[in-house]
Amino acid sequence: MGTAARTPEGAVEVAPGVHWIGAFDPDLRIFDIILRTANGTSYHAYAVRGSGGVAVIDTVKEEFADEFFRRLESVASYDEIRVIVLNHLEPDHTGALPELLRRAPQARLYISTRARSMLKGLLGGDSLTYTAVTTGDSLSLGDRNLQFLQTPYLHWPDTQCTYLPEAGILFSGDLFGCHFCDRRLFDDVVGDFRFSFDYYYAHIMRPFGAYVREALALIDPLPIRLIAPAHGPVLRGEPRRHLERYRVLSAPSRYGGQEPTLLVFYISAYGNTRHMAEAVAAGAESAGGVRVSLYDLEGSEVAPFVDLIEGADGIVIGSPTINGDAVKPVWDLLSSLAVVGVRGKLGAAFGSFGWSGEAVAMIEDRLRGLKLRVPVKGVRAKLVPTADELAECTALGEAMAQHLTGRNEAKSIDMAALA
Amino acid sequence: MPKAKVTFEDVGVTVTVPAGTRLIEVSEKIGAGITYGCREGECCTCLTKVVSGYENLAAPSLLEDQVLKDNLAPSHHRLACQAQVLGGEIVVKPA
């Protein structure tokens, strides 16, 4: 863990009557396939004691269950546990749940209303009893209360936060978390974790920026003295600073004024697909009301294009067909969009081909798979595009601009025409 | 075969379809804003507001009904991957 500090054996008090009972995983280097970490991670769980009993908030990854139970036992006996709250059902937070339920069978499980099907999928069967909660719901632990905030898609549909108003503590689940393992635990004494905090946001929360902004609106009015996330440092130094950081990171990244933006990407071996791209861009430009940009995919790394797409309203992608497929730089771009929100943007495709021309339909299918809308059929040209085919490209650009500006004409068609 | 008219309000397209057609069979082809995830009635990605003609859709199955409840769907909302057209006129848009 890079420091001389010793791992705490027992629970760690984060506030009177509130203890950290999680676990450290210093050897982890890759989390969930997609995230790297230079010093491991931590799985945080908390015990909240009230006059009417103990609540356990989240658990840990299964292989760290022994640590979790040892720390839990240092602050509570199993028969005192009345409540188990799951802010997020991913296995790194629910791995110890089956054993906890076996040891504390009287405890009532509280999950988000969006978590029902996931609980069934993770633990199987229908025998589990639970209470499903949403924003505005709360439960009493006697002299203190737990209030629930539904914060979906941060980063699963089920995610929620739990607030302890008497102590001003927000148990935020993965929100405000990061993969940074430091046994000193608190943000005001651990090493520099700013990179890990931003990296975690970029890979976990970024696709859900609109949901982040909704969550911040729910959290903002709360008096917060400490944020207790499910990974990384416990934030007691300046908790508001981390809310502000999320506000900056989740701000919409629009370019220019209010006009919609359309990005035309292409890659071209002999200039044919490039000519088509120029016609598409010119068509969109001539329709007016849209800010059009034209990019050769060979001219940049993927990451800046992903940033551009995040802030755009529509994309059109041109690729030749080589050996029955779109070319690799196109797939590199399209396989990199999972880290940004693209749902509902407009998409289209075009390209030159030699003999079979599968690329356009493959790109359209991928765009639909990414939840983009594909309102205009793509254009294919055999080798050198003819004047008519370039005119089709111009019309494709015009149609995209009209859809982006809401000027597409209402029409009535028969389903047979869609085949 | 009985026909129905489905209007996808967000793109201004009305499609004449045979009775029994599911909304998913049409909406993607015309570029309507309804987007899909699992396509099997589980994930609720394709939640759709039925602006009018709700009675012209086949009643939701028990499973669809449960998914709508689990996801706190307001009334007159359906899953486009499940909702089947019976006849008449229906107007829908993304939830």
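**Close-up views of a predicted model**

**View 1. Helix α8(A) passes helix α12(A) in a right-handed crossing.** Welcome to this predicted model; we start with a pair of helices in chain A. Helix α8 (residues 272-287) of chain A and helix α12 (residues 387-404) of chain A have axes that come within 7 Å and cross at roughly 40 degrees. The crossing angle makes α8(A) oblique to α12(A). Where do the two helices meet? On the α8(A) side, look for residues including A:H275, A:M276, A:A279, A:V280 and A:A287. Across from them, α12(A) contributes residues that include A:L390, A:C393, A:L396, A:E398 and A:M400. Sorted by class, the contact of α8(A) with α12(A) has 13 nonpolar, 6 polar and 1 charged residues.

**View 2. An open sheet of 5 strands in chain A has parallel pairing.** Follow the strands across the sheet and you will read the order β18-β17-β19-β20-β21 (chain A). At the edges are β18 (291-296) and β21 (379-382) of chain A, each of which pairs on one side only. From neighbour to neighbour, the strands of this sheet are turned by 15 degrees on average, with direction ignored. Inside the sheet, strand β19 (residues 314-318) of chain A and strand β20 (residues 346-353) of chain A pair in the parallel sense over 5 bridges. To find this pairing, look for A:V316, which stands opposite A:A348 in β20(A). Helix α11 (residues 359-369) of chain A packs on the sheet and touches β19, β20 and β21 of chain A. The direction of α11 of chain A makes about 165 degrees with that of β20(A).

**View 3. A second view of strands shows an open sheet in chain A whose pairing is mixed.** Its 5 strands come in the order β12-β13-β14-β15-β16 (chain A). The edge strands here are β12 (138-140) and β16 (226-229) of chain A, and each pairs on one side only. From one strand to the next, the twist averages 20 degrees. Strand β13 (residues 145-150) of chain A and strand β14 (residues 160-164) of chain A run antiparallel and are joined by 4 bridges. Here A:Q147 stands opposite A:Y163 in β14(A).

**View 4. Two loops of chain A hold backbone details that reward a closer look.** Most residues other than glycine have a negative phi, and most peptide bonds are trans. With that in mind, turn to A:L154 and A:H155, which are joined by a cis peptide bond with omega of about 15 degrees. A:H155 sits in the loop between β13 and β14 of chain A. The other detail is at A:F176, which is not a glycine but has a positive phi of about 65 degrees. You will find A:F176 in the loop between β15 (169-173) and α5 of chain A.

**View 5. Helix α6(A) passes helix α7(A) in a left-handed crossing.** The axes of α6(A) and helix α7 (residues 239-249) of chain A come within 10 Å and cross at roughly 150 degrees. Angles over 145 degrees count as roughly antiparallel, so that is how α6(A) and α7(A) lie to each other. The contact is formed by A:V212, A:L216 and A:I219 of α6(A) together with A:L243, A:Y246 and A:R247 of α7(A). By class, the contact of α6(A) with α7(A) has 5 nonpolar, no polar and 1 charged residues.

**View 6. Chain A is assigned two domains, domain 1 (12-249) and domain 2 (261-402).** Taken over C-alpha atoms, the centres of domain 1 of chain A and domain 2 of chain A are separated by 42 Å. How many residues are in contact between these domains? There are 7 residues of domain 1 of chain A in contact with 4 residues of domain 2 of chain A. On the side of domain 1 of chain A, the elements giving two or more residues are α5 (194-205) and α6 (209-219) of chain A. By class, that side of domain 1 of chain A has 4 nonpolar, 2 polar and 1 charged residues.

**View 7. Chain B meets chain A in a contact that takes 19 residues from chain B and 20 residues from chain A.** Which element gives the most to the side of chain B that touches chain A? This is strand β2 (residues 13-18) of chain B, with 5 residues. The side of chain B that touches chain A divides into 8 nonpolar, 8 polar and 3 charged residues. Strand β22 (residues 411-414) of chain A runs parallel to β2(B), and 4 bridges join them. One place to look is A:S412, whose bridge partner in β2(B) is B:T14.

Conventions:
Residues numbered from 1 in each chain as written. Chains lettered and ligands numbered in written order. Predicted model: local features only at pLDDT ≥ 70, side-chain atom pairs only at ≥ 80, totals over all residues. Nonpolar A, V, L, I, M, F, W, Y, C, P; charged D, E, K, R; others polar. Pairing = 2+ DSSP bridges. Axes fitted to C-alpha atoms, helices over the stretch in contact; angles between N-to-C directions. Parallel < 35°, antiparallel > 145°, perpendicular 65-115°, else oblique. Left-handed = near helix turned anticlockwise from the far one by under 90°. Domains from an automatic or database assignment.
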